[in-house]
Amino acid sequence: AVVSTQSTGAALQAVLSLAQHILARDEDLRTTMAENNQWHLVSTLFGLLSCPVVPQLKGSILDCIAVLTQTPELCLSLWQQLEATQILPTVQTNTTKLGIQSELEEIESRSETYPETRGFLNLLKGLLSTTIPGSLGVGYRQPGLIPYLNFVKETVFLKFDIRAYGDNNEMWEVAAKCLDIFHVFLDQFQVNEQDLEETVNSPAYHLLTQLLNDTPLLIKIMTVVESASKV
């Protein structure tokens with residue numbers, strides 16, 4: 001399906017906005033709609049993200065999915081759908097970059113607004129706040145969430161202040177969402193004394209090693225702190 005007109009896209013955004021506000025206020029409705037085998041809500045929303053629609057609409061879709069993370073029982077299936085659709089490619093290929101990374105660098109950057117990236121960060125934070133499946137991707141890649149952390153860190157956060165923005169407030173909103181995700185990873189970090197390999201391979205461990213050394217991540221965070229101190 002292709003959303004070919006601005007009016008159709010605007011109508012879909014209005015529907016998604018309404019659904020988002022309703023779902024945010026009713027846990028029973030979130031469960032009912034997500035698990036109804038006739039509506040296929042989750043698979044339909046993820047399917048729309050693979051269609052050639054504008055970033056504003058994809059941002060609304062991601063925000064709508066993010067609301068579902070308020071029900072923890074739904075999060076494992078949401079993680080599995082996110083991984084299966086490869087909206088963020090987690091498997092290395094020799095083909096041209098696809099998915100949200102490509103759209104951030106080639107579409108959103110050119111239009112100087114980042115609704116899809118913000119929606120994706122909202123979804124990640126919601127998922128991370130409830131459950132972190134260490135086995136995600138098992139069988140076809142190194143399992144875990146390192147690809148998601150790397151996207152937030154390398155593609156979004158480390159470059160957030162060198163991109164152009166139509167509204168400078170959005171730049172700081174993007175940065176804040178990235179820092180929120182880093183905080184969630186670190187807040188849930190635990191050393192597994194029975195399996196040190198698991199600890200070393202965890203996203204939080206990767207973050208800690210970079211925060212405790214003179215790395216681009218630490219430098220960028222200190223730049224944010226310095227900018228905030230001047231406000």
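Lys 220 is buried in this predicted model, with a relative accessibility of 13%. The residue belongs to helix 12, which spans residues 216-229. Its partner in a salt bridge is Asp 161, and the closest N and O atoms of the two lie 2.8 Å apart. Asp 161 is found in the loop between helix 8 (146-156) and helix 9, so that the contact joins distant parts of the chain, 59 residues apart. Unlike buried Lys 220, Asp 161 is partly exposed, at 31% relative accessibility.

A salt bridge is also formed by Glu 226 and Lys 230, with 3.5 Å between the closest N and O atoms. Glu 226 has a relative accessible area of 45% and is therefore classed as partly exposed, since the value falls between the limits of 20% and 50%. Lys 230 reaches 65% relative accessibility and is therefore classed as exposed, the limit being over 50%.

A further salt bridge connects Arg 118 with Glu 173, where the closest N and O atoms are 3.8 Å apart. Arg 118 lies in helix 7 (residues 115-128) and Glu 173 in helix 9 (residues 168-187); the two residues are 55 residues apart and the pair links distant parts of the chain. The relative accessible area of Glu 173 is 34%, which makes the residue partly exposed. Arg 118 and Glu 173 are also members of a network of salt bridges that includes Glu 170 and Lys 177. Over the whole structure, the search returns nine salt bridges.

Aromatic contacts were examined as well. The count of aromatic pairs is six. One pair is made by Phe 157 and Phe 182, whose ring centres are 5.5 Å apart. The planes of these two rings meet at 90°, and the pair is edge-to-face because this angle is over 60 degrees. Phe 157 is located in the loop between helix 8 and helix 9, whereas Phe 182 is part of helix 9; the pair links distant parts of the chain, 25 residues apart. Both Phe 157 and Phe 182 are buried. Ring pairs extend this contact to a cluster that comprises Phe 157, Phe 160, Trp 172 and Phe 182.

Helix 9 thus recurs in the contacts described, with Glu 173 in the salt bridge to Arg 118 and Phe 182 in the ring pair with Phe 157. The loop between helix 8 and helix 9 likewise holds Asp 161, the partner of Lys 220, and Phe 157.

Terms used:
Residues are numbered from 1 along each chain as its sequence is written. This is a predicted model: local features need pLDDT of at least 70, side-chain atom pairs count only at pLDDT 80 or more; totals for chains, interfaces and linings use all residues. Side-chain values use heavy atoms; hydrogens and water are left out. A salt bridge is a side-chain nitrogen of Lys or Arg within 4 Å of a carboxyl oxygen of Asp or Glu. Helices (H or I, at least four residues) and strands (E, at least two) are DSSP runs, numbered from the N terminus. Buried means under 20% relative accessible area, exposed over 50%, partly exposed in between (1.4 Å probe, protein chains only). Rings of Phe, Tyr and Trp (its six-membered ring) pair if their centres lie within 6.5 Å; planes under 30 degrees apart count as stacked, over 60 as edge-to-face and the rest as tilted.
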